[in-house]
Amino acid sequence: MAEAKLHLADDRHVDLPITRGTEDEVGLDISRLRADTGAITLDPSLGNTGACTSAITYIDGEKGILRYRGYAIEDLAENSNFPEVCHLLIRGSLPSKSERDDFRTRMTRHTLVHEDMKKFFEGFPPSAHPMAILCAMVSSLSAYYPEDDSPEELDLNIIRLLAKAKTLAAFSFKKSIGHPFIYPRNDLGYVANFLRMMFAVPAEPYDIDPVVVDALNKLLILHADHEQNCSTTTVRTVCSSGANLFASISAGICALWGPLHGGANQAVIEMLDRIAVDPDGCEKYINLAKQKDSGFRLMGFGHRVYRNFDPRALILKKSADALLSKLGVDDPLLAVAQKLEEAALSDDYFIERKLYPNVDFYSGILYRAIGIPTDMFTVMFALGRMPGWIAHWLEERNSPGARIIRPRQIYTGATARPWLPIDKR
Ligand code: SDX
């Protein structure tokens, strides 16, 4: 196996084995570094540290490449549907016809949630953020389906989670507007069922628009996985302690909520709303984003991995235009977003730092066109990311020699000192 040599200041050196991935990425294996040298590496925010090897998703940040199990995101977004991508990420392959039918039947049959769970919603105030409800509800599923030891039981819990998460999300929306819950129908697919549970009202028929179904399928596919992002790393870390599937995914939902991560899609729309009514327009906010002490960032811009464009943003930008014209929706925020993108991409500050629109920059425009309220945007991100989180949870749980994830640190606090009684401090 190839090696790298690490020379320490005191003339000691260690040979580090190299792990090379299927896309020729190179990892220096430091798993024996502390044992052999007493030293550790230090990489706050882990931007240069691989936490694992993974066979699920590949990103080339320089070339703007994103593939799920080897399939290009552009092909999947154009040709696939969300349940099929769930099968791909979780089972490792696109389904055959019989596998597709079986997966779809099982996903459909487990869309209902236990009637007792409806009582939980009564405890939340109408103003509760739907992400607070979703993380609580997903964690509570372990109270109803505690076992995931046998492969069959675990597989059933995976199906339950995929199927019930959309019901819980729709119920949280209905709760927030004081409408009665709409129950799922077994004759509808994943996206159509979700749309009906979100927008149907008992008093009148609800027509499912295939244009909207197609747009939402695409949105969910584009969010389905993204290798070791913050929330997926959270899921893998919680999994490594032996925690059950629902607890681990609930932790991922909490991590996703932050405005630097999945919460950015809500923050983008709030930012665009602010710019739209500000007579100073985009320039003011571009300049604010460049001032470190302003505390303002251009939400939906920048990415830890993509140093070129985020391929998902390109697809969403095109889809936003197409969807709004198909639905005859005129959303002034689209023009603000396009103007802001144009201004930022011609500004040296953003060019030098390779800051481009990310997946969150245009997604909110599409959610709005579909009628999804802003505080549900990150819930939509979580529904999309569910199969990715599950796939990584399984990979972590099944990885040979899996151990609890427990990094080290460099201590910089007070050295040893004696305890003193209060009158001597
Ligand atoms: C997602 O990891 C994933 O894969 C996440 C995700 C997924 O699918 O799971 O892709 C989803 O979370 C997308 C990102 C959504 N977040 C946002 O849009 C929030 C705005 N973006 C940033 O806060 C930031 O770009 C991050 C959080 C996305 C990335 O942060 P990094 O990698 O830690 O970058 P950084 O903060 O070190 O910034 C590098 C430089 C800094 O300037 P300098 O100190 O070099 O002078 O770029 C600047 C930053 O100040 N910068 C920005 C900026 N993003 C970075 N300046 C203004 N506006 C921004 N948005």
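This text goes through a predicted model, from its domains to its core, a buried helix, its salt bridges and two residues with unusual backbone angles.

The domain assignment divides the protein into domain 1 (3–50), domain 2 (93–257 + 376–397) and domain 3 (264–370). Domain 2 is thus given as two segments of the chain, with the residues of domain 3 numbered between them. The C-alpha centres of domain 2 and domain 3 are 27 Å apart. Where the two meet, 18 residues of domain 2 are in contact with 20 residues of domain 3. The size of an interface is often given as the accessible area lost when the parts come together. For domain 2 and domain 3 the buried area is about 1,700 Å², and 71% of it is on carbon and sulfur atoms. Zero salt bridges are counted between domain 2 and domain 3. The count of residue pairs in polar contact between these domains is five, with both residues at pLDDT 80 or more. On the side of domain 2 that touches domain 3, helices α8 (190–199), α9 (210–222) and α18 each supply at least two residues. The largest share of that side comes from α9, with seven residues.

The nonpolar core gives another view of how these domains are joined. In soluble globular proteins, nonpolar side chains tend to be buried together. Here the largest nonpolar core has 115 residues, and those with the most contacts inside it are Tyr68, Leu216, Ile249, Leu272, Leu298 and Ile390. Helix α18 (residues 377–398) gives the most to this core, namely 12 residues. The core lies between domain 2 (93–257 + 376–397) and domain 3 (264–370), because both domains give residues to it. Leu272 can serve as an example of the packing. Apart from its neighbours within four places in sequence, Leu272 is in contact with Leu333, Val336, Ala337, Leu340 and Ile365. There is also a second, separate core of five residues, which includes Val14, Leu16, Ile18 and Leu33.

Helix α8, already met at the side of domain 2 that touches domain 3, is largely enclosed by the rest of the structure, because nine of its 10 residues are buried. The buried residues are Tyr190, Val191, Ala192, Asn193, Phe194, Leu195, Arg196, Met197 and Met198. They pack against α3 (82–91), α4 (97–109), α7, α9, α17 (359–370) and α18.

Helix α7 (residues 151–176) contains Arg160. This arginine is buried, with a relative accessible area of 12%. Leaving aside neighbours within four places in sequence, Arg160 is in contact with His110, Tyr145, Glu153 and Ala165.

Charged side chains are paired elsewhere too. The count of salt bridges is 20. One of them joins Asp155 and Arg106, with an N to O distance of 2.6 Å. This pair links distant parts of the chain, since Asp155 is in helix α7 and Arg106 is in helix α4, 49 residues apart. Arg106 is partly exposed, with a relative accessible area of 21%. Arg106 and Asp155 also belong to a network of salt bridges that includes Arg91.

Another salt bridge joins Lys63 and Asp60, with the closest N and O atoms 3.8 Å apart. Its two partners fall in opposite classes of accessibility: Lys63 counts as exposed at 57%, whereas Asp60 counts as buried at 11%. Asp116 and Lys119 meet in a salt bridge with an N to O distance of 3.0 Å. Asp116 is partly exposed, with a relative accessible area of 34%.

Two loop residues remain to be described. Most residues other than glycine have a negative phi. Asp24, however, has a positive phi near 65°. Asp24 is in the loop between β2 (13–20) and β3 (26–28), and its relative accessible area of 55% makes it exposed. Leu46 likewise has a positive phi, of about 55°, although it is not a glycine. The loop that holds Leu46 runs between α1 (33–37) and β4 (57–60). Although leucine is among the residue types that can join a nonpolar core, Leu46 is exposed, with a relative accessible area of 52%.

Key:
Residues are numbered from 1 along each chain as its sequence is written. This is a predicted model: local features need pLDDT of at least 70, side-chain atom pairs count only at pLDDT 80 or more; totals for chains, interfaces and linings use all residues. Side-chain values use heavy atoms; hydrogens and water are left out. A nonpolar core is a set of buried Ala, Val, Leu, Ile, Met, Phe, Trp, Tyr and Cys residues joined through side-chain atoms within 4.5 Å. Buried means under 20% relative accessible area, exposed over 50%, partly exposed in between (1.4 Å probe, protein chains only). Helices (H or I, at least four residues) and strands (E, at least two) are DSSP runs, numbered from the N terminus. Domain bounds come from an automatic or database domain assignment. Contact means heavy atoms within 4.5 Å. Buried area is the accessible area (1.4 Å probe) that two parts lose on being put together, summed over both. A salt bridge is a side-chain nitrogen of Lys or Arg within 4 Å of a carboxyl oxygen of Asp or Glu. A polar contact is a pair of N or O atoms within 3.5 Å; within protein, one must be able to donate a hydrogen and the other to accept it, and residues adjacent in sequence count only if both atoms are side-chain atoms.
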